[in-house]
Amino acid sequence: MAADIRREIIETVAKVGGHLAPSLGVVELTLAIHYVFDTPDDKLIWDVGHQCYAHKLLTGRRQHFKTIRQYKGLSGFPKRSESAYDTFDTGHSSTSISAGLGIACAKDILEDHKKVIAVIGDGSMTGGMAFEALNQAGHLGKNLIVILNDNEMSISPNVGALSSFLSRKMTGATMSKLRKEMEQFLKSFSHVGENILQVLKKSETSFKGFFTPGMLFEALEFGYVGPIPGHDLNALIETLRNVNDFGRGPILIHVVTTKGKGYKPAEDRPDDYHGVGPFDLATGKPNAASAGPPSYTAFFGDTLTRIAAQNPKVVAITAAMPAGTGLTNFAKQFPDRFFDVGIAEQHAVTFAAGLATEGIHPVVAIYSTFLQRSLDQVIHDVCLPNLPVTFMLDRAGLVGDDGPTHHGVFDLSFLRMIPNMVVMAPKDENELQHMLHTAILHPGPAAIRYPRGQGTGIQLDAELRQMEIGKGEILQEGNDILLLPIGNRIQAALAAAAELAKMGISVAVINPRFVSPLDRDLILAWAAKARRVITIEENVKKGGFGSAVLELLATDHDQPVRVTVLGLPDTFMEQGPQETLRSLAGIDTQAICQAAMAMMDKKSNDTEVRVEESGEKKR
Ligand SMILES: Cc1ncc(C[n+]2csc(CCOP(=O)(O)OP(=O)(O)O)c2C)c(N)n1
């Protein structure tokens, strides 16, 4: 059965892409859990949820499995609305123990004696929330089974002191160093220490046993079982049965697995096969990528490396995504100025704040969706003391197949409200490099958001230019309508302007560059001329760029201006190709043209109708 499941996963992911290596690593574990426990009444929670493919196949979704991560298809993550077997919606890491403990406490109150099992990877264990939950779970002593899926990998090789501790590198040099330190420590307690030391010395095994990974969890009042070989079904089933039958209180089962197990290319390069696009089954090689310019991510990585070569105070920080954020080269060239903090976005931000207080300039590269974790750290630790930290928000906007857990569609709203924070979005990769240069020279916090995917192919200026903070540019003059697109919507707006020109509509297009502070003068001047304004953003409408423009125009009572705000609706957008989702949300070229034509058709009664959100009128 394990072989069948693996074949199905590999064949499907080769066709449609997905999280391959994490899912292959837990096939036996998934089988054993469903074999021993009484799901869905026993509650099973997958941390991150990217390893849930075998779980989906085993819980009634085999028929639809081919639609995974596609528009209207199965989600790539556990989803309560999809199946009773999906206990908890996940996508962001390190939540499973907290959720599991909540469920265990609820079951206690409800006098329901079913089991709760949280499966968490060693990478996700680097997230602070996991420890907050272990801390409370140990204290409460509730029945909670935590399965640690230890494959020594996050997306890239796992980092941190905990990782070495877990990976049982308690041999050789580490072991003798520890032994010496222990001897000295125990000897300092004269008689008692000497006695314990003698007992420990008698048996090498007991000495080693003293320093197993279990120590850590036992100190947190968890029972510890393991390490268990994670591809040995018999061993897994026996262990889970014992825990199911006899386990009481919080128990951690340490299972050792191989990421990518069963598909050679994924076993050899688990980081490359963590999440993949379609690939050739026989060779493992990715299907030919569409020709075109490199990604925004790559342009960011290259520019930062160039800047760091000139400026020794620039450092880079990632939260477990060195490759995803484009920092692999930087890490190679400047190992002492590169920090992978683990899946710990909150810590990453406050760590950056600490560096900044000493005159270092940290560049924190985090996907927009994961910076949501660090809102308080951004406000309290960086913006309040006005520290010069640059935030690079990759994957801002609609990310596509990963869906609602991963769309980065809130950052304009949650960053522009913070005093001292400069918020920018480049129209292309050339502007991205100038913005990065500008942010690093700026004496306070600044954030740059840019989309997932390829750049526009524009020629890069050889020299980096410092931009004036809060200054936009007029890209095209016109009298009938002013288009105010931000970031990646600029190309769509220029295309719409060209279409509208064919219909005799004269369109002005501004590149605002800054969402905070806004270029008030430029926007007010052109809005006064056109009297019809359309804002376009790949962010939720609520509180985003359009809201900022509305706030600005509302202060200017002399100039009645009609405004249409195009942006993402007040729902969680589903998964699917980026262009499909943009069209659905009404922020693509066609939607801009339609909004413009609708505005031109309306009788001009400007004093009555001041502000219109797309679809709704306010009088
Ligand atoms: C808060 C957060 N930050 C970053 C990520 C991106 N991410 C997805 S999986 C992963 C690594 C998880 O490693 P581990 O828990 O060991 O699971 P494995 O993939 O090795 O099975 C990372 C960093 C995320 N999902 N959530």
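These are my notebook entries on a ligand site, one loop residue, and the cavities and a pocket of a predicted model.

**Entry 1: the ligand**

I began with the residues around the ligand, of which there are 23. His-50, Gly-123, Ser-124, Lys-259 and Glu-345 come nearest. I then looked up polar contacts by ligand atom. For nitrogen, I noted a ligand atom 2.6 Å from an N or O atom in the side chain of Glu-345. Glu-345 is thus on both of my lists, as one of the nearest residues and as a partner of a ligand nitrogen. For oxygen, I noted two entries. A polar side-chain atom of Asn-151 lies 2.9 Å from a ligand oxygen. A polar backbone atom of Met-153 is 2.8 Å from an oxygen atom of the ligand.

**Entry 2: Ser-93**

Next I looked up Ser-93, which sits in the loop between helix H4 (53-58) and helix H5 (96-109). Is Ser-93 buried or exposed? I recorded a relative accessible area of 8%, and Ser-93 counts as buried because this value is under the 20% cut-off. I listed its contacts, leaving aside neighbours within four places in sequence: Asp-47, Val-48, Ser-124, Ile-343 and Arg-373. Ser-124 was already in my notes, as one of the residues that come nearest the ligand.

**Entry 3: the cavities**

How many cavities of 30 Å³ or more does the structure hold? I found 3. The largest has a volume of about 60 Å³. Its lining includes Lys-115 and Val-116, Asn-143, Leu-144 and Ile-145, and also Val-243, Gly-247, Arg-248, Gly-249 and Ile-251. By class I noted 5 nonpolar, 3 polar and 2 charged residues in that lining.

The second largest cavity holds about 40 Å³ of space. I listed Ala-396, Ala-425, Pro-426, Arg-449, Tyr-450, Pro-451, Gly-487 and Asn-488 as its lining. That lining divides into 5 nonpolar, 2 polar and 1 charged residues.

**Entry 4: the second largest pocket**

I closed with the second largest pocket, whose volume is about 340 Å³. Which residues lie nearest its centre? From a lining of 20 residues, I wrote down Asp-89, Thr-90, Gly-91, His-92 and Thr-405. The lining comprises 6 nonpolar, 10 polar and 4 charged residues.

Methods: Residues are numbered from 1 along each chain as its sequence is written. This is a predicted model: local features need pLDDT of at least 70, side-chain atom pairs count only at pLDDT 80 or more; totals for chains, interfaces and linings use all residues. Side-chain values use heavy atoms; hydrogens and water are left out. Helices (H or I, at least four residues) and strands (E, at least two) are DSSP runs, numbered from the N terminus. Buried means under 20% relative accessible area, exposed over 50%, partly exposed in between (1.4 Å probe, protein chains only). Contact means heavy atoms within 4.5 Å. On a 1 Å grid over the protein atoms alone, a cavity is a set of points where a 1.4 Å probe fits but cannot get out, and a pocket is an open set with protein on both sides within 12 Å along at least five of seven lines; lining residues have an atom within 4 Å of a point. Grid points are joined across faces, edges and corners, and a volume is the space filled by probe spheres set on the points. Ala, Val, Leu, Ile, Met, Phe, Trp, Tyr, Cys and Pro count as nonpolar, Asp, Glu, Lys and Arg as charged, and the others, Gly among them, as polar. A residue is near a molecule or strand if one of its heavy atoms lies within 4 Å of it. A polar contact is a pair of N or O atoms within 3.5 Å; within protein, one must be able to donate a hydrogen and the other to accept it, and residues adjacent in sequence count only if both atoms are side-chain atoms.
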